[in-house]
Amino acid sequence: MDRQKLLDTCDVFLAKLKAFEEQTTEFDSKIPTAGARAEVAEFLRRYAGPKNAFLARVNEVSGWPRHQFQSLWWIVKSFRDFVEAGLHEEITPERRAQLDVVSDFLGQAETLLATKNVHPAAPAVLIGAALEEFLRTWAESAELSLGNRKPGLQAYTDVLRDDDLITKQDAKDITSWAGIRNHAAHGEWAEVADPTRVRLMLEGVNLFMRKYGA
């Protein structure tokens, strides 16, 4: 998400939290706050990182509902000021170049899927290669070690999951996509004969990468 969109999203949260606060009396204990806390926490986890200081403050929010909404408003406002001041970590030129390569792979896969007489195994292999490259460069940019693991989709998925950079559902999705890629790479043509299945793989990988900044 670019800087202006991030600022705009912060403004949406700020308006929502202010509305919640204004609808809550000082000592009203019946207003649910868990949903608001969860939304703010997920937003900060995704766009500021799973170990950022703003998220840590969200986890400390407690007290009367009105106070919680006020606290969440100030946390989001602080993050917005942080972004507006240009202190939010931007993607490095090296990482952008890596993502451009990944994007090229997916573009080629899209073209192959639309080409008659091309077996779906071909784009499946390309999609798998793009996904592995995305995870590899992400793990490296985050300075994560594979330890004794053999480099590959599963290893990169494991270290990113261990560091809480991807969700449990993300890991399950990657395992599913890796299975399709492996069928194609090992010449198990019957397992990848359906172009619709590979199309769903492509769409899923695209969504996953957009979710995490590609």
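These are my notebook entries on a predicted model of a protein.

**Overall make-up.** I began with the secondary structure and found 9 helices and 0 strands in the protein, so that, read from the N terminus on, the elements run α-α-α-α-α-α-α-α-α. I then looked up burial, and of the 214 residues of the protein 38% count as buried. For the surface, I noted that the protein exposes about 12000 Å², of which carbon and sulfur atoms supply 53%. Turning to contacts with a separation of 6 or more, I found that residues 24 or more positions apart account for 67% of them.

**The cores.** I looked next for nonpolar cores, and the largest has 36 residues, with L131, L135, W138, F208 and M209 making the most contacts inside it. At least two residues of this core come from each of α5 (93-113), α6 (121-141), α7 (153-162), α8 (168-185) and α9 (195-211). Among these helices, α6 gives the most to the core, with 10 residues. I followed L131 further and, leaving aside its neighbours within four places in sequence, found it in contact with L153, I174, W177, V205, F208 and M209. Apart from this core lies another, of 22 residues, which includes A36, F43, F69 and I75.

**Helix α6.** Since α6 had come up as the main contributor to the largest core, I checked its geometry. The helix has 21 residues and reaches 30 Å from its first C-alpha to its last, which is close to the 30 Å expected at 1.5 Å a residue. Just after α6, I noted that E143 takes a positive phi of about 55 degrees.

**Aromatic pairs.** A search of the whole structure gave me 11 aromatic pairs, and I wrote down two of them in detail. The pair of F20 and F69 is tilted, with 5.2 Å centre to centre and 35 degrees between the planes. This pair links distant parts of the chain, as F20 is in helix α1 (residues 3-22) and F69 in helix α4 (residues 65-84), 49 residues apart. Are the two rings buried or exposed? F20 is partly exposed, because its relative accessible area is 30%, whereas F69 has a relative accessible area of 1% and is therefore buried.

The other pair, F134 and F208, is edge-to-face, at 5.9 Å centre to centre and with 75 degrees between the planes. F134 lies in helix α6 and F208 in helix α9, so this pair ties together parts that are 74 residues apart in sequence. Here I found that F134 counts as buried at 0% relative accessibility, and that F208 is buried with a relative accessible area of 4%.

I also looked for rings grouped together, and found that F13, F43, F54, F79 and F82 form one aromatic cluster.

**Charges over rings.** One member of that cluster, F13, has the charged end of K16 sitting over its ring, 5.9 Å from the ring centre. A further case is K18, which lies over the face of W73, at 4.9 Å from the ring centre.

**A buried glutamine.** Last, I looked up Q68, which lies in helix α4. Why does Q68 count as buried? Its relative accessibility is 8%, and buried means under 20%, so Q68 falls in that class. Not counting residues up to four places away in sequence, I found that Q68 touches T33, R37, V61, S62 and G63.

Definitions and conventions. Residues are numbered from 1 along each chain as its sequence is written. This is a predicted model: local features need pLDDT of at least 70, side-chain atom pairs count only at pLDDT 80 or more; totals for chains, interfaces and linings use all residues. Side-chain values use heavy atoms; hydrogens and water are left out. A nonpolar core is a set of buried Ala, Val, Leu, Ile, Met, Phe, Trp, Tyr and Cys residues joined through side-chain atoms within 4.5 Å. Buried means under 20% relative accessible area, exposed over 50%, partly exposed in between (1.4 Å probe, protein chains only). Helices (H or I, at least four residues) and strands (E, at least two) are DSSP runs, numbered from the N terminus. Contact means heavy atoms within 4.5 Å. Rings of Phe, Tyr and Trp (its six-membered ring) pair if their centres lie within 6.5 Å; planes under 30 degrees apart count as stacked, over 60 as edge-to-face and the rest as tilted. A charge sits over a ring if NZ of Lys or CZ of Arg is within 6 Å of the ring centre and within 35 degrees of the ring normal. The expected span of a helix is 1.5 Å times one less than its number of residues. Accessible areas come from the Shrake-Rupley method with a 1.4 Å probe; for residues, only the protein chains shown count as cover.
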